[in-house]
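Please describe this protein model for a newcomer. Cover its overall build, its domains, its ligands and a few single residues.

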Amino acid sequence: MMKLRDAISQLHRPLIEGTLETEVTSVTADSRTAGPGSIFVAIRGQEVDGRRFIDDALRKGAVAVVTDSPAETGLPENLTWIHVGDPRAALSSMAAQIAGNPSAELKMVGVTGTNGKTTTAYLLHALMRGAWHRAGMIGTVKIDDGLSSAEASHTTPDAPALQNLLLRMRDHGCRGAVMEVSSHGIDQKRVADVAFDALVFTNLTQDHLDYHGTMAAYAETKFSWFEAAALHSKGKKPVAVINTDDAVGEDFAERLEGRLPVIRFGFGLRNEIRALDFRQSARGMEIKLEIGGKQYLLRAPLIGRFNAYNLMGVIGAAKAVGIPPRVAIAALAEAPQVPGRMEHCGTRDGVSVFVDYAHTPDALENACRTLKELEPKRLITVFGCGGDRDKAKRPLMARAAGRFSDACIITSDNPRSEDPAEIIRQIEEGMGSARYRSVEDRAEAIRIAVHAAAPGDIVLVAGKGHETYQQFADQTIDFDDRREVKRSLAARPGPEERKRR
Ligand SMILES: CC(=O)N[C@H]1[C@@H](OP(=O)(O)OP(=O)(O)OC[C@H]2O[C@@H](n3ccc(=O)[nH]c3=O)[C@H](O)[C@@H]2O)O[C@H](CO)[C@@H](O)[C@@H]1O[C@H](C)C(=O)N[C@@H](C)C(=O)N[C@H](CCC(=O)O)C(=O)O
Ligand SMILES: Nc1ncnc2c1ncn2[C@@H]1O[C@H](COP(=O)(O)OP(=O)(O)OP(=O)(O)O)[C@@H](O)[C@H]1O
Ligand SMILES: N[C@H](CCC[C@H](N)C(=O)O)C(=O)O
Ligand SMILES: [Mg+2]
């Protein structure tokens, strides 16, 4: 419990009507989770105007309303109304105040970028746990509060959920935490009041144009996170850890010069963490690294040149929070499998199957290229595109898969409110002269691919990775690519049966 006065102490120019002496318990922007003593922040969203739910929140016991318009008439007497310019920023500020600013007491790493956030965060979390015993993680595949882990519904939770998680981590004795910072999270101020020690940038390629409109706007949203750390360091000395082989990363690093210390990483000459040589086999990779003038040999059980970047990002972030490269490199030799990221799901009769979360053009190209480098006889790729998400990705993902695979099976990947057949049709438009067939049912698509593969072939099932569901307009069903792959491998027809077919 705290006084409303303390909860709003960091708000920017609030216009207050009513008392600030009320005791408050929590803050929420969702009337459905309001309760006795809560502050309700009414946000005008993309779908609905949150001010419609003020009555609902009050019925549930909310004692104050924070929104971007003046007080309405006819409201209960003991209610306090606070008019602010930016309700999402206010939500974040109050959530941090009520939780007691837990991030200030944690070594905090955030990871942003189009691809590689989950991989980087997951690897860094394992490393932090080894070094510190207890460490937290917040991301797409898992939320870990230091004692137990749970599934995540968002990549970056909304501010109240996020601050509560950080509080739990602090109370559980975590020394630090790593979290994924999505562009939606930055734009919606979900992380505005988290004090970061290290801010990692992986890369920027096409995604989320449905939300940001243009690539330039998408990039500026990402940059605003670094800029905020440069402007308000919140009592910390934040370090930016940036992939400067990426053109947007290089631009960020240049713009941050003199404002924030930057650790550059990549294969390029100017990098502080620099890969000199990269080799891989089916079992993993070996990278010769130069870090601050010293050479190291990093061996890790991951494949894909893109993962060399993720590993360098991990080493840079670790360095920024006091874990030396020598320690990080030793730990990464035992790196865990990141669920659904280039996950080898089995081999039978010389056919190997991988499940990967590639759901952007760049990721799909990377995943296919990596598997082609293992020199299979053929690469067969199963993929689809998400409904209610960036539609411009569809022909580009088609081109990437078609160009780097010997055959593709186009299927469904969370059609959401859209017609799956129409999404598939839009993907087909980008396939050009590539070999493909379309099979709407994803389980059947996987089965056909696994059964059609001949010895020496690799099958890639892309797009859903760790997900355990498939979302349709009218229902969400249990669905797991890895389970379907295992089933299909187990039921794979033997060589004799195949001949008879
Ligand atoms: C596009 C997007 O990010 N939307 C988020 C946004 O919704 P919105 O602004 O449209 O809100 P709205 O639905 O119009 O509702 C307005 C307000 O009314 C409130 N409300 C609504 C109903 C009610 O009964 N009572 C009530 O109070 C809502 O809680 C909200 O505060 O604010 C909501 C509340 O914080 C989020 O739940 C919602 O996430 C939706 C579910 C979502 O799907 N987001 C995805 C795209 C997302 O955030 N993805 C990124 C990862 C992307 C990536 O990197 O790949 C993530 O970080 O997970
Ligand atoms: N550094 C990278 N550069 C390019 N592609 C990558 C990189 N790391 C991973 N990928 C590809 O992108 C896919 C998604 O990776 P990951 O889940 O780590 O990213 P993410 O940024 O967390 O994605 P999301 O925003 O959807 O949660 C992987 O399955 C792989 O195909
Ligand atoms: N965080 C990503 C996940 C996409 C995963 C893919 N399976 C899809 O549904 O498009 C998004 O919401 O855009
Ligand atoms: Mg992620």
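The protein has 17 helices and 26 strands. Helices (H or I, at least four residues) and strands (E, at least two) are DSSP runs, numbered from the N terminus. This is a predicted model: local features need pLDDT of at least 70, side-chain atom pairs count only at pLDDT 80 or more, and totals for chains, interfaces and linings use all residues. Residues are numbered from 1 along each chain as its sequence is written, while chains are lettered from A and ligands numbered from 1 in the order in which they are written.

**Overall build**

The C-alpha trace spans about 80 × 55 × 40 Å along its principal axes. The radius of gyration is 24 Å, which agrees with the value near 23 Å for a compact globule of 501 residues. That radius is taken over C-alpha atoms, and the globule rule is 2.2 Å times the number of residues to the power 0.38.

Buried residues make up 52% of the 501 residues. A residue is buried if 20 or more other C-beta atoms lie within 10 Å of its own, exposed if 12 or fewer, and partly exposed in between; C-beta atoms are placed from the backbone.

Now the contacts. Two residues are in contact if their C-beta atoms, placed from the backbone, lie within 7 Å. Among contacts between residues at least 6 apart in sequence, 68% join residues at least 24 apart.

**Domains**

The domain assignment gives domain 1 (2–98), domain 2 (101–332) and domain 3 (343–491). Such bounds come from an automatic or database domain assignment. The C-alpha centres of domain 1 and domain 2 lie 33 Å apart.

How many residues of domain 1 are in contact with domain 2? There are 11, and they meet 10 residues of domain 2. On the side of domain 1 that touches domain 2, strand 4 (26–28) and helix 3 (87–99) are the elements that give two or more residues. Helix 3 gives the most, with 7 residues. By class, the residues of this side divide into 6 nonpolar, 4 polar and 1 charged. Here Ala, Val, Leu, Ile, Met, Phe, Trp, Tyr, Cys and Pro count as nonpolar, Asp, Glu, Lys and Arg as charged, and the others, Gly among them, as polar.

**Ligands**

Each ligand has a shell of residues around it. A residue is near a molecule if its C-beta atom, placed from the backbone, lies within 6 Å of it. The table gives the shells by class.

| Shell | Nonpolar | Polar | Charged |
|---|---|---|---|
| Ligand 1 | 5 residues | 11 residues | 4 residues |
| Ligand 2 | 6 residues | 13 residues | 5 residues |
| Ligand 3 | no residues | 5 residues | 4 residues |

Start with ligand 1. Of the 20 residues around ligand 1, G45, Q46, E47, H154 and S182 come nearest. Domain 1 and domain 2 both give residues to this shell, so ligand 1 lies between them.

Ligand 2 has 24 residues around it, and the closest are G116, K117, T118, T119 and A363. Helix 4 (117–132), helix 10 (305–320) and helix 12 (361–372) each supply at least two residues of the shell. Helix 12 gives the largest share, 4 residues. Where does ligand 2 lie? Ligand 2 lies between domain 2 and domain 3, because both give residues to its shell.

The residues around ligand 3 are T155, H359, G386, R389, D413, N414, G463, K464 and E467.

**Helix 16**

Helix 16 covers residues 481–490, and D481, R482, E484, V485, S488 and L489 are buried there. These residues cover an arc of only 160° around the axis, which puts them on the same side of helix 16. The arc is that of the directions from the helix axis to the C-beta atoms. The buried residues pack against strand 19 (343–348), strand 20 (351–356), helix 15 (442–452) and strand 24 (458–462).

**Residues in loops**

D349 lies in the loop between strand 19 and strand 20. D349 is not a glycine, although its phi is positive, about 45°. Is D349 exposed or partly exposed? D349 counts as partly exposed, because it has 15 C-beta neighbours inside 10 Å.

E375 lies in the loop between helix 12 and strand 21 (379–383). Its phi is near 55°, a positive value in a residue other than glycine. With 10 C-beta neighbours inside 10 Å, E375 counts as exposed.

G74 lies in the loop between strand 6 (64–67) and strand 7 (80–83). G74 has 4 C-beta neighbours inside 10 Å, so G74 counts as exposed. G74 and S233 are 159 residues apart in sequence and 42 Å apart in space, C-alpha to C-alpha.
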